[in-house]
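The following questions and answers go through one protein model. Each answer works towards the value or name asked for.

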Amino acid sequence: MPLKNLLFSFLIASLIAGCNSQQVLLEEAQKLETAGLHLEALEKYANIFQSNPSNVEAQIGAKKEANILLNQKVSQAKGLLNSGQFDACLNNLNSIEDILFQYQWLNLERPMMLDLTRSEAKLAKANWLYESAEQAVLNQQYNAAHTYLSQLYRIQPDNQEALYLTRLMEILPNYNKGVKAMELGLFREGFGYFKKVTDIDADYKDALSRLNQCREEASFTIAFLSKNKKNYNEQLNNSISAEIKKNIVNLNDPLIRLVDRDHLDDLLAEQQ
């Protein structure tokens, strides 16, 4: 047989073998499709098409299976949302995005309910996280509350209720310590705790009231009097007096009241 005829025969045989091979793969994809294994069927059809872009049957099969799979996943996501499995729902929706990206050459349509379901899932998860954090704060489980709020801020960074709850996590421990200090008669310590509370929330009326009670109980007065002696040096006395007063003021203690000779009579009058 001439070499030319031999090469032609070999080419024809290869084409026939290739067609037979692709037909076998198509039949395998169709069996997977019939069995409801849509992801496996999609992958099989996609492999056939990518090896032979002229295989229209494989392209049609891949697109059909992809759409079925997308609709199934949206339905599954809504079921997970309704059962309170928010993370599983969001993971399912992310897998839809992966399919859309991986098989973009099929020009798949984005499922209509995809974005709406994602928004609903994020909102439902945010509400659950807030309620869990609020309960944890009420139970004084501040580490747990911090964990819930950290997750919530990733979904809703500007959630005002969560921001105030975060402030409460700073307020309540100091408030409770202040109340305990008052019960023990430790009014100076109580003042310090309630001052921290009112620095965070100046409108916290009960804390303000307790702060004033502690101030009244814990405040004390230092009266500064210089005693005239023989050989009295007024300049030196004034210098020493100023230094002592300066040191007392620099203590920056809100519970200390400093009075001098000029105001001592007024102080004694108040105490009578």
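Q: Does Asp206 count as buried, partly exposed or exposed, and at what relative accessibility?
A: Buried means under 20% relative accessible area, exposed over 50%, and partly exposed in between, with a 1.4 Å probe and protein chains only. Asp206 has a relative accessibility of 34%, so Asp206 counts as partly exposed. This is a predicted model, in which local features need pLDDT of at least 70 and side-chain atom pairs count only at pLDDT 80 or more, while totals for chains, interfaces and linings use all residues. Residues are numbered from 1 along each chain as its sequence is written, and side-chain values use heavy atoms, with hydrogens and water left out. The value asked for is partly exposed, at 34%.

Q: Which residue forms a salt bridge with Asp206?
A: A salt bridge is a side-chain nitrogen of Lys or Arg within 4 Å of a carboxyl oxygen of Asp or Glu. The closest N and O atoms of the pair are 3.2 Å apart. The two residues lie four residues apart in helix H9 (residues 205-218), so they are separated by about one helical turn. The partner, partly exposed at 22% relative accessibility, is Arg210.

Q: How many helices and strands does the protein chain have?
A: Helices (H or I, at least four residues) and strands (E, at least two) are DSSP runs, numbered from the N terminus. Along the sequence the pattern reads α-α-α-α-α-α-α-α-α-β-α-β-α. The secondary structure comes to 11 helices and two strands.

Q: Which residue meets Lys64 in a salt bridge?
A: The N to O distance in this salt bridge is 2.3 Å. The pair links distant parts of the chain, with Lys64 in helix H3 (residues 56-82) and the partner in helix H1 (residues 3-34), 31 residues apart. Lys64 is partly exposed at 40% relative accessibility, whereas the partner is buried at 19%. That partner is Glu33.

Q: Which residue pairs with Lys180 in a salt bridge?
A: The side chains meet at 4.0 Å, N to O. Both residues lie in helix H7, three residues apart, about one turn of the helix. Lys180 is partly exposed, with a relative accessible area of 48%, while the partner is exposed at 57%. The partner is Glu183.

Q: At what angle do helix H6 and helix H7 pack?
A: Axes are lines fitted to C-alpha atoms, for helices over the stretch in contact, and angles run from 0 to 180 degrees between N-to-C directions. Angles under 35 degrees count as roughly parallel, over 145 as roughly antiparallel, 65 to 115 as roughly perpendicular and the rest as oblique. H6 (residues 142-155) and H7 (residues 160-183) are therefore roughly antiparallel. Their axes are 10 Å apart, and the angle is about 165°.

Q: How do the axes of H5 and H6 cross, and within what distance do they come?
A: The axes cross at roughly 160°. That makes H5 roughly antiparallel to H6. The distance within which the two axes come is 8 Å.

Q: Where along the chain does Met113 lie?
A: At 35% relative accessibility, Met113 counts as partly exposed. Its location is the loop between helix H4 (86-102) and helix H5 (114-138).

Q: What separates the C-alpha atoms of Ser51 and Gln22?
A: Ser51 is found in helix H2 (residues 38-51) and counts as exposed at 54% relative accessibility. Ser51 and Gln22 are 29 residues apart along the chain, and the separation of their C-alpha atoms is 9.4 Å.
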